[in-house]
There are 2 protein chains.
Amino acid sequence: MRTLRFDETTLELVAINQTKLPLETEYIRISESRVLYQAIKELAIRGAPAIGVGAALGLYACALRFEDKAPEGFLYSFDKTVEYIASSRPTARNLFYACGRMSAASRQGTSIEDIKESLKNEAFSIEKEDIELCRAIGKNGEKLIRDGAAILTHCNAGALCAVEYGTALAPIYEAKAKGKAVYVYADETRPLLQGARLTCFELTEAGIDTTLICDNMAAGLMAKGKIDLVIVGCDRVAANGDFANKTGTLSLAVNARHFGVPFYVAVPSSTVDLSALTGDDIVIEERDGAEITEKFFKNPIAPESVKTYNPAFDVTPGSLVTGYITEKGVFKSI
Amino acid sequence: MRTLRFDETTLELVAINQTKLPLETEYIRISESRVLYQAIKELAIRGAPAIGVGAALGLYACALRFEDKAPEGFLYSFDKTVEYIASSRPTARNLFYACGRMSAASRQGTSIEDIKESLKNEAFSIEKEDIELCRAIGKNGEKLIRDGAAILTHCNAGALCAVEYGTALAPIYEAKAKGKAVYVYADETRPLLQGARLTCFELTEAGIDTTLICDNMAAGLMAKGKIDLVIVGCDRVAANGDFANKTGTLSLAVNARHFGVPFYVAVPSSTVDLSALTGDDIVIEERDGAEITEKFFKNPIAPESVKTYNPAFDVTPGSLVTGYITEKGVFKSI
């Protein structure tokens, strides 16, 4: 299983359809802008790094099929396609970054063949950089995992949000590759259940011993001494080390501190946002309450008149973090 | 809305059908042993105190309809009915307690009319004792709630598990009755969602401002200073004050301590079990993982091959409890 790959025989982007997980493992083959747009918009390709790489490889696959005979026409078609793909998700930074790099690459070369070569190189570079970044996080984090360790994780910061490995799960994959026994407890991660749907899927596919729990059961496991360490991903780190991640991360960090369990954050160094001095500067998105009361359920689980509060993220103070696992090493503070 | 009541006009037990909540508010009228048995067995009547009172009032309603003309025949019918109703749930202590008291009451009096009178008095006493116990917990706990307070609760320890008021929610009802503004945050309480389904239902029906959150969001609210106090119910207290309650309670208690939020346990003094010296002596029931992965959902939320861990309760150390709210007063320790 690989989240994304470029099929060099058919010259298509092949992506796992994450909207069908965990019920079905379906791959989408992409060589047309409309299909790429829909795949990103409808979350078949999701997770910031995966979206960036998917856009780059997908744009290259589309460009290979342009019927323009002159470089001017080819570039016009490419610019239009980039603009269209960049509009598929409004706030995905990696999407704009990848589209920008592919646009710049399209200006390298005078013949259509040269331009295609430049696009290929750039798309493959973006893919390779993502894989190397995640692998470096994996290698650095692996040293923290003893043979036989039980690791608790939250949400999905795994291979499914990148090309391979992911961030929080990369050290676990690396430990397994090194022959260590690893046991993972995966929080289901309400309300959107990314832990149950995605983390449990990719870890069991990889043959890793995985146990699903409800988010509220993590404390009980820590109290019993069943958790050796916690590793979570991260959406944004402030200058003082406070960080935002999927709602529920703060509760885990507080419990980990109380029960003396090491708590690590896996984070590409590019995720540090020095414009945010502390966690207070990180604005938290509040989402529709129907995600709590209706989505996934046969029937609404609460009376219609009840209010809801549905923050997508919470902020964990840096003081609760044992270490930040980055591609450059593991650091006690940011 | 009242969970249970005896209709003195039709001489029936009237119980809210909790299996239909929150989608439908349906009342079941009970005057026949088969209907009473099914109502308890299939959780239309649930919650230990409610089961006890429901059995007592229901047995009385059934007895009123016996066609026996001689006291011996009447008692034979009553004993058979008690035996049948007592078999509806295997481990409900309140059920056996109520059945035992009704059996003893049936031996008071010589004529059928006298026996019916004795059964009526006993059933109404059991109901009255439950109401008074919950009301006393409410009055004692109300003093802890300032005007305008925001209270976090977990699972359902409210009117729906008793006749009126319940335990953890009784102080909230009492505060509202005294004219205080109260705001409740209700944990949804995975996996069985008693908070979303039952607590949100009864609080909104009572006109109390209620906001539903996922269990993992409580820490974020505490960090923002949005929670004034936590009140939870309790299934069993050990001699040293450790207590078992619905899974997720421990995490709340740890977070409450971390963020300096007072944490109270509402508990009838009969719930203290001196045979358990500490929480370690309380055996925790592990339930079917399908409650996490399938129940309530349109489709399974996790891959079939994943393992699950589904403890119904967790144990919170007494050291994390600010006070125990009992019918006899609020105590710092048990």
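**Note on the predicted two-chain model**

1. In this predicted model, helix H5 (residues 112–142) of chain B lies across three strands of chain B, namely E10, E13 (323–326) and E14, and runs at about 140° to E13(B). The strands beneath H5(B) belong to an open sheet of eight strands with mixed pairing, whose order is E11(A)-E6(B)-E5(B)-E4(B)-E7(B)-E10(B)-E13(B)-E14(B). Strand E11 (307–308) of chain A and strand E14 (329–331) of chain B stand at the edges of this sheet, and because each has a single partner strand, one side of each is left without a neighbour in the sheet.

2. Within that sheet, strand E7 (residues 229–232) of chain B runs parallel to strand E10 (residues 263–266) of chain B, and three bridges join them. For a reader who wants to find this pairing in the structure, B:Ile231 has B:Tyr264 as its bridge partner in E10(B).

3. Chain B also contributes an open sheet of three strands, in the order E8-E9-E12, and here the pairing is antiparallel. Strand E8 (236–237) and strand E12 (313–316) of chain B stand at the edges, each with a single partner strand, so one side of each has no neighbour in the sheet. Two bridges join E8(B) to strand E9 (residues 243–246) of chain B, and the bridge partner of B:Val237 in E9(B) is B:Phe243. Helix H9 (residues 249–259) of chain B packs on this sheet, where it touches E9 and E12 of chain B and makes about 30° with the direction of E12(B).

4. As to how the two chains are related, a turn of 179° with a shift of 0.0 Å along the axis lays chain B on chain A with an RMSD of 0.1 Å. The two copies are therefore related as by a two-fold rotation axis. The same surface serves both copies, since 100% of the contact residues of chain B recur in chain A.

5. In chain A, helix H7 (residues 194–205) has 12 residues and reaches 16 Å from its first C-alpha to its last, close to the 16 Å expected at 1.5 Å a residue. H7(A) is mostly covered, with 11 of its 12 residues buried, among them A:Arg197, A:Cys200, A:Phe201 and A:Glu202. The elements that cover these buried residues include strands E2 (12–16), E4 (149–153), E5 (182–187), E6 (209–213) and E9 (243–246), as well as helix H6 (170–177), of chain A. Just after H7(A), A:Gly207 takes a positive phi of about 75°.

6. Helix H6(A) is likewise mostly covered, six of its eight residues being buried, and these include A:Pro171, A:Ile172, A:Tyr173 and A:Glu174. What covers them includes helix H5 (112–142), H7, E4, E5, strand E7 (229–232) and strand E13 (323–326) of chain A. Just after H6(A), A:Gly179 takes a positive phi of about 90°.

7. The structure holds zero disulfides over all chains. B:Cys134 is in no disulfide, and the nearest cysteine sulfur, that of B:Cys161, is 7.1 Å away, whereas a disulfide would need the two sulfur atoms within 2.5 Å. B:Cys134 is also buried, with a relative accessible area of 2%. For B:Cys200, the closest cysteine sulfur, in B:Cys214, is 11 Å away, which is too far for a bond, and B:Cys200 is itself buried, with a relative accessible area of 0%.

Terms used
Residues are numbered from 1 along each chain as its sequence is written. Chains are lettered from A and ligands numbered from 1 in the order in which they are written. This is a predicted model: local features need pLDDT of at least 70, side-chain atom pairs count only at pLDDT 80 or more; totals for chains, interfaces and linings use all residues. Side-chain values use heavy atoms; hydrogens and water are left out. Two strands pair if DSSP finds at least two bridges between them. Helices (H or I, at least four residues) and strands (E, at least two) are DSSP runs, numbered from the N terminus. Contact means heavy atoms within 4.5 Å. Axes are lines fitted to C-alpha atoms, for helices over the stretch in contact, and angles run from 0 to 180 degrees between N-to-C directions. Copies are superposed by least squares on the C-alpha atoms of residues with pLDDT of at least 70 in both. Buried means under 20% relative accessible area, exposed over 50%, partly exposed in between (1.4 Å probe, protein chains only). The expected span of a helix is 1.5 Å times one less than its number of residues.
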